[in-house]
Amino acid sequence: MTTPITHQQIVLGVTGSIACYKAADLASKLTQAGAAVDVILTDAAARFVTPFTFQAVTGRPVYTDLWDERGHIRHVQLGEQANLLVIAPATAHTIAKLAHGLADNLLTVTALAARCPVLLAPAMDGGMYEHPATQANIRLLQERGVTMIGPVSGRMASGLTGLGRMVEPAELLAHIRLKLGENGVLRGRKLIITAGPTQEPLDPVRYLSNYSSGKQGVALAQAALDAGAAVTLIAGPLQVAVPLGVTHIPVLTAEQMKNAVLAAIQDADALLMAAAVADFRPAHQAEQKIKKTDQGPEMVIELTRNPDILAAVKAQREETRRPHLVLGFAAETQDVLAYGQEKLIRKGLDFIAINDVSRPDAGFAVDQNQITLLGREGVIAEIPLQDKSAVAAQIIHYLAQALV
Ligand code: C5P
């Protein structure tokens, strides 16, 4: 699976903090994501973790010394070739040196030579982070365009609790992905994506819903972010985590989703309606819990039609001309193409992603999907059965072609 991290040249600077052991995990995660990771350790970092650890996880040479013959030429080479410089953990001392342009070891020399984006994950103990000197240095670096990730609060090596812990590697990885995706083909574009089920309340403790997990919609949000878009995800309760960088608007009912969508699309480039919106809701919502003693042996729930969100979008779009593109989903079990085509026209869509839900291995709540992507002129692509994230990347690819 290709992400913005794949095939990137990343220099990972590691400085002397106990959080060094987490840097090995980060180096491993970046390597597994397909990056070529060149690690530079400061002397202090090498006291916490050996170069061999990083060499083992990256499969590449690790640099420590400015004064061996490799180091001296390498600083310019590494700095110039890198797509991203990450320093994690970044100590107060290294932050101070970077802020003032000091270059007394291989890492700080490389940082001066680098022309790529720089991302720092500070880690320090006690009051060091809050110290006015550190804060001033951080501000200086931020003004120069350096991105600071963390630190976060929690227990520190000294036993003190406070603000100074390095952000966890998995979260750093998400920040790196976001940073590297920033200049993708959808840079400057705003996408609204809906996902998940809706919940239609019956009384204060019960609701009607469906099995949608939100996986396909969330995968679309990640793929759009990877392509550099600004993404708003309007979603019912999800069974998967929302990707870092997404603006998440949680909703419950179809009515709430409709209102959120109509507001969000006013300045959007595209709407992708992946949510499984309930077609009906209970006609009356009881204010108190419905008791079984209130009922006879049978209970009848009266349902009323929910608004069709795409129909509302179509009406608003005729006036506002936004968004430029609308993609809907269709779950069909028979005559997949014919029903899809008809739905595309009726709902005023530019694209429709049809999944054949008669297949047990694709569609609802599972990890894989298989899609026929239809445009107004006919079939655009047959996207074969694969992970929802790979399906999402392809849908975004075709959408981006239509947007640019
Ligand atoms: O008509 P059907 O429900 O099969 O259409 C599915 C498409 O319509 C999906 O994109 C879904 O998000 C959207 N939809 C909607 N409002 C509804 C029901 C479905 O926008 N009330």
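**Pockets, sheet and backbone geometry**

Four elements, α9 (215–226), α11 (309–320), β17 (325–332) and α12 (336–346), each put at least two residues into the lining of the largest pocket. The model is a predicted one, and everything below is computed from it. The volume of this largest pocket comes to about 920 Å³. Its lining has 34 residues, and those closest to the pocket centre are A275, A276, V277, F329 and A331. Sorted by class, the lining of the largest pocket splits into 15 nonpolar, nine polar and ten charged residues.

Next comes the second largest pocket, with a space of about 510 Å³. Here 26 residues make up the lining, and M1, R177, Q222, A223 and D226 are the ones closest to the centre. Helix α9 turns up again: α9 and α13 (388–403) each give at least two residues to the lining of the second largest pocket. The class split for this second lining is 14 nonpolar, nine polar and three charged residues. For anyone setting the two linings side by side, the charged count is ten in the largest pocket and three in the second largest, while the polar count is nine in the largest and nine in the second largest.

Helix α11, one of the elements lining the largest pocket, also holds Q316. This glutamine has a relative accessibility of 19%, so with the buried cut-off set at under 20%, Q316 counts as buried. Leaving aside residues up to four places away in sequence, Q316 is in contact with L262, I265 and Q266.

Stepping back to the whole chain, the secondary structure adds up to 13 helices and 20 strands. The C-alpha trace spans about 80 × 55 × 40 Å along its principal axes. Of the 404 residues, 51% count as buried. As for contacts in the chain with a separation of 6 or more, 68% of them are between residues 24 or more positions apart.

One part of this architecture is an open sheet of six strands, running in the order β3-β2-β1-β4-β5-β6 with parallel pairing. The edges are taken by β3 (62–63) and β6 (147–148); each has a single partner strand, so one side of each has no neighbour in the sheet. Further in, β1 (residues 9–14) pairs with β4 (residues 84–90) in the parallel sense, and four bridges connect the two. Within that pair, V11 sits opposite L85 of β4. Helix α1 (residues 20–32) packs on the sheet, where it touches β1, β2 (36–41) and β4, and the direction of α1 makes about 175 degrees with that of β1.

On the other side of the bookkeeping for β1 is its pairing with β2, which is parallel too and extends over six bridges. L41 in β2 is the bridge partner of V14. How enclosed is β2 by the rest of the structure? Six of its six residues are buried, so β2 is largely enclosed. Both of its faces are covered, with A36, D38 and I40 buried on one side and V37, V39 and L41 buried on the other. The list of buried β2 residues thus takes in D38 along with its neighbours on that face, A36 and I40.

A few backbone details are worth a look. Most peptide bonds are trans, and most residues other than glycine have a negative phi. Against that background, G150 and P151 are joined by a cis peptide bond with omega at about 5 degrees. P151 falls in the loop that runs between β6 and β7 (152–155). Another cis bond leads from R322 to P323, with omega near -5 degrees. P323 belongs to the loop between α11 and β17, and those are two of the elements that help line the largest pocket.

Positive phi values come up as well. H7, which is not a glycine, has phi near 65 degrees. This histidine lies in the segment before β1, and at 69% relative accessibility H7 counts as exposed. D335 is likewise no glycine, yet its phi is positive at about 40 degrees. The loop between β17 and α12 is where D335 is found. With a relative accessibility of 53%, D335 also counts as exposed.

Conventions
Residues numbered from 1 in each chain as written. Predicted model: local features only at pLDDT ≥ 70, side-chain atom pairs only at ≥ 80, totals over all residues. Heavy atoms only, no water. 1 Å grid on protein atoms, 1.4 Å probe; cavity = no way out; pocket = protein on both sides within 12 Å on 5 of 7 lines; lining within 4 Å. Points joined across faces, edges and corners; volume = space filled by probe spheres on them. Nonpolar A, V, L, I, M, F, W, Y, C, P; charged D, E, K, R; others polar. Pairing = 2+ DSSP bridges. Contact = heavy atoms within 4.5 Å. Axes fitted to C-alpha atoms, helices over the stretch in contact; angles between N-to-C directions. Buried < 20%, exposed > 50% of the residue type's maximum accessible area, 1.4 Å probe, protein only.
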